[in-house]
Amino acid sequence: MSLTSAATLATLDRTGPRRITDLAAVEGVTQPAMTALVRGMEESGLVERRGDASDKRVTLVCLTESGASYVRTRRKAGVHAFERLIGELTGDEVEALVAALPALKHLAELESQDREGPKQ
């Protein structure tokens, strides 16, 4: 799976259903590229398209249960990889990581806000 596909699934997991144009903007790709990417993920059973109850002209891309399961599995694998690597650090290095956690959390929040774009 491409990084853009994985990032798109994570965005849908974090923010809920989105328009293809919104996903394209968040992921930094063109609308045609996102349409092709969504089509592939749809064929794989990771996402589905649904109508928007508030606007019948709009189609939203939604995670399926398989897509949500994929995101959870990737996150768990990442956590386990970090646990293993952190276990190889010295005590001083672990303390430095703990001290950096507030700044890292803030960076993640800023990145998330940037990826989600302006609130509507």
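## A greasy face on the surface

F82 is exposed, with a relative accessible area of 57%. That value comes from a predicted model, as does everything else here. F82 sits in helix α4, and the F82 side chain has company: F82, I86, L89, V94, L97, V98, L101, L104, L107 and L110 make up a nonpolar patch on the surface. Taken together, the residues of this patch offer about 860 Å² of accessible area.

Where does the patch come from? Two elements give two or more residues to it, namely α4 (65–86) and α5 (91–116). Of these, α5 supplies the largest share, with seven residues. F82 can be in the patch because patch members need over 30% relative accessible area, and F82 has 57%. The 57% also puts F82 in the exposed class, since that class starts at over 50%.

## Layout of the chain

Which elements does the protein have? It has five helices and two strands, and reading along the sequence gives the pattern α-α-α-β-β-α-α. So if you scroll through the structure from the N terminus, you pass three helices, then the two strands, then two more helices.

How does the radius of gyration compare with that of a compact globule? A compact globule of 120 residues would come out near 14 Å, whereas this protein has 17 Å. The C-alpha trace spans about 55 × 30 × 25 Å along its principal axes. As for burial, 29% of the 120 residues count as buried.

## The annotated domain

UniProt, in an unreviewed entry, places the feature "domain: HTH marR-type" at residues 1–106. In the model, that stretch is 68% helix and 14% strand. The C-alpha atoms at the two ends of residues 1–106 are 28 Å apart.

## The hairpin

The strand part is easy to describe. Strand β1 (residues 47–52) pairs with strand β2 (residues 55–63) in the antiparallel sense, over six bridges. A hairpin takes the chain from β1 to β2 through two residues. If you want a spot to look at, R50 stands opposite L60 in β2. In general, side chains in a regular strand alternate between the two faces of the sheet.

## Salt bridges

How many salt bridges are there? The count comes to six, and three of them are worth a look here.

Start with R57 and D55, whose side chains meet in a salt bridge at 2.9 Å, N to O. Is each partner buried or exposed? R57 is exposed at 75% relative accessible area, but D55 is buried at 17%. D55 falls in the buried class because its 17% is under the 20% cut-off.

Next come R72 and E65, with a salt bridge of 2.8 Å, N to O. R72 counts as partly exposed, at 41% relative accessibility, while E65 is exposed at 55%. R72 gets the middle label because 41% falls between the cut-offs of 20% and 50%.

The third salt bridge joins the side chains of R84 and E88 at 3.5 Å, N to O. Here R84 counts as exposed at 52% relative accessibility, and E88 is exposed at 57%. R84 is on the exposed side because the line is drawn at over 50% and R84 has 52%.

## Across the sequence

Two C-alpha pairs link the start of the chain to residues further along. S2 lies in the segment before α1 and counts as partly exposed, at 36% relative accessibility. S2 and L37 are 35 residues apart in sequence, yet their C-alpha atoms are 9.4 Å apart in space.

R14 belongs to helix α1 (residues 3–15). At 37% relative accessibility, R14 counts as partly exposed. What separates R14 from V38? Along the chain it is 24 residues, and between the C-alpha atoms it is 17 Å.

Notes. Residues are numbered from 1 along each chain as its sequence is written. This is a predicted model: local features need pLDDT of at least 70, side-chain atom pairs count only at pLDDT 80 or more; totals for chains, interfaces and linings use all residues. Side-chain values use heavy atoms; hydrogens and water are left out. Patches are made of residues with over 30% relative accessible area and no salt bridge: like charges are joined within 9 Å, nonpolar side chains (Val, Leu, Ile, Met, Phe, Trp, Tyr) within 5 Å. Accessible areas come from the Shrake-Rupley method with a 1.4 Å probe; for residues, only the protein chains shown count as cover. A salt bridge is a side-chain nitrogen of Lys or Arg within 4 Å of a carboxyl oxygen of Asp or Glu. Helices (H or I, at least four residues) and strands (E, at least two) are DSSP runs, numbered from the N terminus. Buried means under 20% relative accessible area, exposed over 50%, partly exposed in between (1.4 Å probe, protein chains only). UniProt positions are given in the numbering used here, feature names are shortened, and annotations may be inferred rather than shown by experiment. Two strands pair if DSSP finds at least two bridges between them. The radius of gyration is taken over C-alpha atoms; the globule rule is 2.2 Å times the number of residues to the power 0.38.
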